[in-house]
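Could you walk me through this protein in the viewer, one selection at a time? I'd like to know what to click on and what is there when I do.

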Amino acid sequence: MSVLALVDCNNFFVSCERVFRPELEGRPVIVMSGNDGCVISRSEEAKALGIPMGAPIFEVRPTIVEHGVVCISANHELYVDFSRRVGEVLARHSPEIENYSIDESFLTFPDGTDAGPLARRLRAEVMRWTGLPVSVGLAPSKTLAKLAADKAKKLGGALSLLDAGERDLLLRVTPSGQVWGIGRRLAERLSSYGIRSALDLAGTPDPLARKILGIGGLKLVWELRGLPCLPLAEVPPPRQS
């Protein structure tokens with residue numbers, strides 16, 4: 001069975017800016033939308049201050065002033081160039097790549113690949129050639145790889161959900177609303193059926209899953225069980241944010 005990986009650039013726009021301004025390391029930084037109207041990228045330090053993604057600048061201005069948050073206008077040409085460079089590094093390791101967004105790419109590793117060490121080498125190579133930190137999630141399905149990459153950001157940068165036992169441990173402590181394609185409204189509906197964790201969702205009988213979520217949601221349930229249903233060209237709609 002081939003291994004799916006999701007490579008996610010951490011705090012992408014902020015990280016791109018820090019490549020050319022290393023003095024920003026360790027400082028709270030936000031990148032603003034084209035008209036400087038809202039927050040579109042945050043450093044970990046800015047997140048720790050409680051600055052939400054998408055927040056209007058005027059609403060977080062007091063926090064910006066109080067904590068000396070560095071505010072940068074978006075430079076989309078720069079970010080597209082960095083995205084291309086990351087893609088060139090990934091292409092050295094996989095013949096199949098789906099650029100899901102400007103800062104996320106799915107790829108496959110061939111059968112028999114020792115995926116864990118390869119993921120760590122891949123992270124190091126992206127950093128060496130682009131200066132950008134990335135997180136890598138490994139799993140048998142895209143939905144699980146997305147979840148693994150999200151969790152990897154706080155767990156050393158790479159996380160594998162290839163082992164069923166490790167997978168169940170993580171799903172047990174993951175709210176259903178954090179599953180790719182679920183979101184708040186569907187999570188509330190699932191909760192009314194007693195389905196609160198990702199593990200609950202994975203264990204939902206197929207007829208009930210289809211009744212609540214439709215055929216697309218049923219595929220997500222299968223994916224949570226480790227059964228790949230979404231080829232690299234097919235993705236569920238992103239959660240609203």
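Start by selecting Arg-84. This is a predicted model, and in it Arg-84 has 43% relative accessibility, which means that Arg-84 counts as partly exposed. You'll find Arg-84 in helix H4.

Now add Glu-88 to your selection. Arg-84 and Glu-88 form a salt bridge, with their closest N and O atoms 2.7 Å apart. Both residues sit in helix H4, which covers residues 76-91, and they are four residues apart, or about one turn of the helix. Glu-88 is partly exposed too, at a relative accessible area of 41%.

Keep those selected and jump along the chain to Asp-168. That residue is 84 residues away from Arg-84 in sequence, and the two C-alpha atoms are 35 Å apart.

**Another pair on a helix**

Go to helix H8, residues 183-191, and pick Arg-184 and Glu-188. These two also make a salt bridge, and here the closest N and O atoms are 3.3 Å apart. How far apart are Glu-188 and Arg-184 in helix H8? They are four residues apart, so about one helical turn separates them. Arg-184 is exposed, with a relative accessible area of 57%, while Glu-188 is partly exposed at 48%.

Back on helix H4, try selecting Asp-81, Arg-84, Arg-85 and Glu-88 together. Salt bridges with shared partners join these four into one network.

Next, select Arg-18 and Glu-25. They form a salt bridge with the closest N and O atoms 4.0 Å apart. Is Arg-18 buried or exposed? Arg-18 counts as buried, because its relative accessibility is 11% and the cut-off for buried is under 20%. Across the whole structure, a search finds 14 salt bridges.

**Into the nonpolar core**

Hide the surface if you have one showing, and select Phe-106, Leu-171, Ile-182, Leu-190, Leu-201, Leu-213 and Leu-224. These belong to the largest nonpolar core, which has 33 residues, and they are the ones that touch the most other members. Which elements give two or more residues to this core? They are strand E1 (3-9) and the helices H6 (142-152), H7 (164-172), H8 (183-191), H9 (198-202) and H10 (206-224). Color H10 brightly: this helix gives the most to the core, with seven residues.

There is also a second, separate core of 30 residues, and Phe-13, Val-86, Leu-122 and Val-136 are among its members.

Now zoom in on Phe-106 and show what is around it. Setting aside neighbours within four places in sequence, Phe-106 is in contact with Ala-5, Leu-6, Glu-96, Ile-97, Glu-98, Tyr-100, Lys-142, Ala-145, Trp-180 and Leu-232.

**A buried serine in a loop**

Select Ser-176 next. This residue lies in the loop between H7 and H8. Even though Ser-176 is in a loop, it is buried, with a relative accessible area of 2%. Turn on the surroundings, again leaving out neighbours within four places in sequence, and you'll see Ser-176 in contact with Ile-182, Ala-187, Leu-190, Ile-195, Arg-196, Ser-197 and Ala-198. Two of those names should ring a bell: Ile-182 and Leu-190 were on your core selection.

**Checking the cysteines**

Pick Cys-71 and Cys-38. Why is there no bond between them? The closest cysteine sulfur to that of Cys-71 is the one in Cys-38, but the distance is 12 Å, which is too far for a bond. The count of disulfides comes to zero. While you're here, note that Cys-71 counts as partly exposed, at 29% relative accessibility. Select Cys-229 as well: at 21%, Cys-229 also counts as partly exposed.

**Zooming out**

Finally, clear your selections and show the whole protein as a cartoon. You're looking at 10 helices and eight strands. The C-alpha atoms fill a box of roughly 50 × 40 × 30 Å along the principal axes. The radius of gyration is 19 Å, which agrees with the value near 18 Å for a compact globule of 241 residues. Try coloring by burial: buried residues make up 46% of the 241. If you draw the contacts between residues at least 6 apart in sequence, 55% of them join residues at least 24 apart. Switch the surface back on to end the tour: the accessible surface is about 11800 Å², and 54% of it belongs to carbon and sulfur atoms.

Terms used
Residues are numbered from 1 along each chain as its sequence is written. This is a predicted model: local features need pLDDT of at least 70, side-chain atom pairs count only at pLDDT 80 or more; totals for chains, interfaces and linings use all residues. Side-chain values use heavy atoms; hydrogens and water are left out. A nonpolar core is a set of buried Ala, Val, Leu, Ile, Met, Phe, Trp, Tyr and Cys residues joined through side-chain atoms within 4.5 Å. Buried means under 20% relative accessible area, exposed over 50%, partly exposed in between (1.4 Å probe, protein chains only). Contact means heavy atoms within 4.5 Å. A disulfide is a pair of cysteine sulfur atoms within 2.5 Å. The radius of gyration is taken over C-alpha atoms; the globule rule is 2.2 Å times the number of residues to the power 0.38. Accessible areas come from the Shrake-Rupley method with a 1.4 Å probe; for residues, only the protein chains shown count as cover. A salt bridge is a side-chain nitrogen of Lys or Arg within 4 Å of a carboxyl oxygen of Asp or Glu.
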